[in-house]
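Q: Please take a close look at a single part of this model, its pockets, and describe them in one connected answer. Say what forms their walls and how they sit in the chain as a whole.

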Amino acid sequence: MDVVKDFRNGALRLRVLHLAGSGEPHGAVLSAHLAASGHQVSPGTLYPLLHRLQEAGLLKSRSEVVDGRRVRRYRSTKRGRRALADCRAVLAALSDDVAAE
């Protein structure tokens, strides 16, 4: 069991929920924001993650044409925003606990 890898994967999901809650980014924009945050994510990792978050009811998407190309834009659902808020509370408590030692 790789604890650091599991933690990073959880952080990746939270970042995606955060980004999709503050706009309607498409995959390339998400990828760029994630890379800027230190997450080098391939399309083969990002798109299955987006699909899993949609299947869980945390994201929804819509398709549109931008500069002659079809892109899929993602945004958080009410359930996704609630999940993100709950995770932020857990993360804050964890941070307080770990920093206190």
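**Pocket linings**

A: The lining of the second largest pocket divides by class into 2 nonpolar, 5 polar and 2 charged residues (nonpolar: Ala, Val, Leu, Ile, Met, Phe, Trp, Tyr, Cys and Pro; charged: Asp, Glu, Lys and Arg; polar: the others, Gly among them). This is a predicted model, in which local features need pLDDT of at least 70 and side-chain atom pairs pLDDT 80 or more, while totals for chains, interfaces and linings use all residues. Residues are numbered from 1 along each chain as its sequence is written, and side-chain values use heavy atoms, without hydrogens and water.

The second largest pocket (an open set of 1 Å grid points where a 1.4 Å probe fits, with protein on both sides within 12 Å along at least five of seven lines; lining residues have an atom within 4 Å of a point) holds about 150 Å³ of space. Its lining consists of Lys 5, Arg 8, Asn 9, Leu 12, Gly 38, His 39, Gln 40, Val 41 and Thr 45. The charged members are Lys 5 and Arg 8, and the nonpolar ones are Leu 12 and Val 41. Helix α1 gives the most to this lining, 4 residues.

The largest pocket has a volume of about 430 Å³. It is lined by 19 residues, and those closest to its centre are Gly 10, Ala 11, Leu 14, Arg 15 and Leu 91. Three helices, α1 (3–21), α2 (27–36) and α4 (78–99), each supply at least two lining residues. The largest share is again that of α1, with 9 residues. Gly 10, Ala 11, Leu 14 and Arg 15 fall within the α1 range, and Leu 91 falls within that of α4. By class, this lining has 10 nonpolar, 5 polar and 4 charged residues.

As for the chain around the pockets, it has 4 helices and 2 strands (DSSP runs: H or I of at least four residues, E of at least two). From the N terminus on, the order is α-α-α-β-β-α. The C-alpha atoms fill a box of roughly 55 × 25 × 25 Å along the principal axes. Of the 101 residues, 26% count as buried (under 20% relative accessible area, 1.4 Å probe, protein chains only).

One buried residue is Arg 73, at 19% relative accessibility, and its place is in strand β2 (residues 69–76). Beyond its neighbours within four places in sequence, Arg 73 is in contact (heavy atoms within 4.5 Å) with Glu 24, Pro 25, His 26, Lys 60, Ser 61, Arg 62, Glu 64 and Val 66.

Conventions
Points joined across faces, edges and corners; volume = space filled by probe spheres on them. Buried < 20%, exposed > 50% of the residue type's maximum accessible area, 1.4 Å probe, protein only.
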